Amino acid sequence: NNPGMNGDLGIDGTSADALKINGSVTVKGDLVIGPGGDTNTVIDISANSTVTGTQTAAVRERNYYSLSTDVTSSGSLTVNGTETYTLAGGTYRFDSIKITGSVNTTGPVVLYVDGKISIAGNGIATSGSAPPNLLIYSSGDDVSISGNANIFGGIYAPNAKVSVSGNGGIYGGIVADQYDQSGNASIHFDEALKTHGGKGPNGVKLLAWQEQNTASWGTGA
């Protein structure tokens, strides 16, 4: 209800057209590319798109932490069609996730996923619709989000291609190796995630959401 202009978009890449914004897209924030890159060649913005902030090159690349965890896997989570599955608040690990039905959460949930993630149907209903109450850590290479449902949460998948389609919105934040958005989907960065960089049960320390200054991605501490 109180949108700002801090929906920044950043990449570590420096190759030509590595950051492409096509169609009638509006980015309400800054664009940051990899260190040493030329914004004139790395960034490609179509005539119908708008970026409200600055376009700069980072001082250094982002460093990401291992996603290994001591949490025991519960196997694969599959929720089909008209099925509804409930997750109580807590930390879970799955081999993979495939949702075409509905998942409800009754408290803050942290998910570690080793393989493919596919979220469609009614998706995952986050407790209180508060993005910090759903944090998904993926060590796999494929994350797909589709359908018409909104998702409130943070997705940390530095090794994956994250594809977002359909008509739903994502309220939270995403870190990915590759990111592809199509259809009428939208993403809204939730600033509450800036303070959610604490350590998980395996010592994972998430620093990816926070930009330390307006000129570059921060180095963390």
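These are my notebook entries on strands, cores, rings and a few single residues in this structure.

**Entry 1: before starting**

I am working with a predicted model, so I treat each value below as computed from that model.

**Entry 2: two open sheets**

I began with the strands near the start of the numbering. Here I found an open sheet of 3 strands, in the order E1-E4-E7, with parallel pairing. Which strands sit at the edges? They are E1 (9-10) and E7 (55-57), and each pairs on one side only. E1 is joined to E4 (residues 31-33) by 2 bridges. I looked up one residue pair there: Leu 9 has Leu 31 in E4 as its bridge partner.

Then I went to another open sheet, also listed with 3 strands, in the order E9-E12-E15 and with parallel pairing. Its edge strands are E9 (84-87) and E15. From one strand to the next, the twist averages 25°. I checked E12 (residues 102-105) against E15 and got 3 bridges in the parallel sense. Val 103 has Ile 124 in E15 as its bridge partner.

**Entry 3: strand E16**

Is E16 enclosed or open to the outside? I went through its residues, and 5 of the 5 are buried, so the strand is largely enclosed by the rest of the structure. I had read that side chains in a regular strand alternate between the two faces of the sheet. So I sorted E16 by side: Leu 134, Ile 136 and Ser 138 are on one side, Leu 135 and Tyr 137 are on the other, and all are buried.

Next I looked for the pairing partners of E16. E13 is joined to E16 by 5 bridges, running parallel, and Val 109 stands opposite Leu 134. E16 is also joined to E18, by 3 parallel bridges, where Leu 135 stands opposite Gly 154.

**Entry 4: Asn 133**

Just before E16 I stopped at Asn 133, in the loop between strand E15 (123-125) and strand E16 (134-138). Buried or exposed? Asn 133 has 18% relative accessibility, and the cut-off for buried is under 20%, so Asn 133 counts as buried. What does its side chain reach? It gets to the backbone oxygen of Ser 127, at 2.9 Å. Leaving out residues up to four places away in sequence, I listed the contacts of Asn 133 as Gly 107, Pro 108, Val 109, Thr 126 and Ser 127. I had already met Val 109 as the residue opposite Leu 134 in E16.

**Entry 5: the cores**

Nonpolar side chains tend to be buried together in soluble globular proteins. I therefore looked for that pattern here. The largest nonpolar core has 26 residues, and Ile 97, Leu 111 and Ile 136 touch the most other members. Elements giving two or more residues to this core include strand E8 (77-79), strand E11 (97-99) and strand E17 (142-145). Which element gives the most? That is E18, with 6 residues.

I followed up Ile 97. Leaving aside neighbours within four places in sequence, Ile 97 is in contact with Leu 77, Leu 111, Val 113, Lys 116, Ile 117 and Ser 118. Apart from this core lies another, of 9 residues, with Ile 21, Val 27, Val 42 and Ile 43 among them.

**Entry 6: Lys 116**

Lys 116 had turned up as a contact of Ile 97, so I looked at Lys 116 next. It lies in the loop between strand E13 (109-113) and strand E14 (117-119), and at 48% relative accessibility it counts as partly exposed. Apart from residues up to four places away, Lys 116 touches Asp 95, Ser 96, Ile 97 and Asp 142. I also checked Lys 116 against Ala 160: the two are 44 residues apart in sequence and 9.1 Å apart in space, C-alpha to C-alpha.

**Entry 7: aromatic rings**

How many aromatic pairs are there? I counted 4. Tyr 92 and Phe 94 have ring centres 6.3 Å apart and planes at 10°, so that pair is stacked. Phe 94 is buried, at 4% relative accessible area.

Phe 152 and Tyr 171 are a stacked pair too, 4.9 Å centre to centre and with 15° between the planes. Phe 152 is in strand E18 (residues 151-164) and Tyr 171 in strand E19 (residues 169-181), so this pair ties together parts that are 19 residues apart in sequence. Tyr 171 is partly exposed, at 28% relative accessibility.

Last, I noted one aromatic cluster, made of Tyr 112, Tyr 137 and Tyr 156. Tyr 137 is familiar from E16, where it is on the side with Leu 135.

Note on methods
Residues are numbered from 1 along each chain as its sequence is written. This is a predicted model: local features need pLDDT of at least 70, side-chain atom pairs count only at pLDDT 80 or more; totals for chains, interfaces and linings use all residues. Side-chain values use heavy atoms; hydrogens and water are left out. Helices (H or I, at least four residues) and strands (E, at least two) are DSSP runs, numbered from the N terminus. Buried means under 20% relative accessible area, exposed over 50%, partly exposed in between (1.4 Å probe, protein chains only). A polar contact is a pair of N or O atoms within 3.5 Å; within protein, one must be able to donate a hydrogen and the other to accept it, and residues adjacent in sequence count only if both atoms are side-chain atoms. Contact means heavy atoms within 4.5 Å. Rings of Phe, Tyr and Trp (its six-membered ring) pair if their centres lie within 6.5 Å; planes under 30 degrees apart count as stacked, over 60 as edge-to-face and the rest as tilted. Two strands pair if DSSP finds at least two bridges between them. Axes are lines fitted to C-alpha atoms, for helices over the stretch in contact, and angles run from 0 to 180 degrees between N-to-C directions. A nonpolar core is a set of buried Ala, Val, Leu, Ile, Met, Phe, Trp, Tyr and Cys residues joined through side-chain atoms within 4.5 Å.
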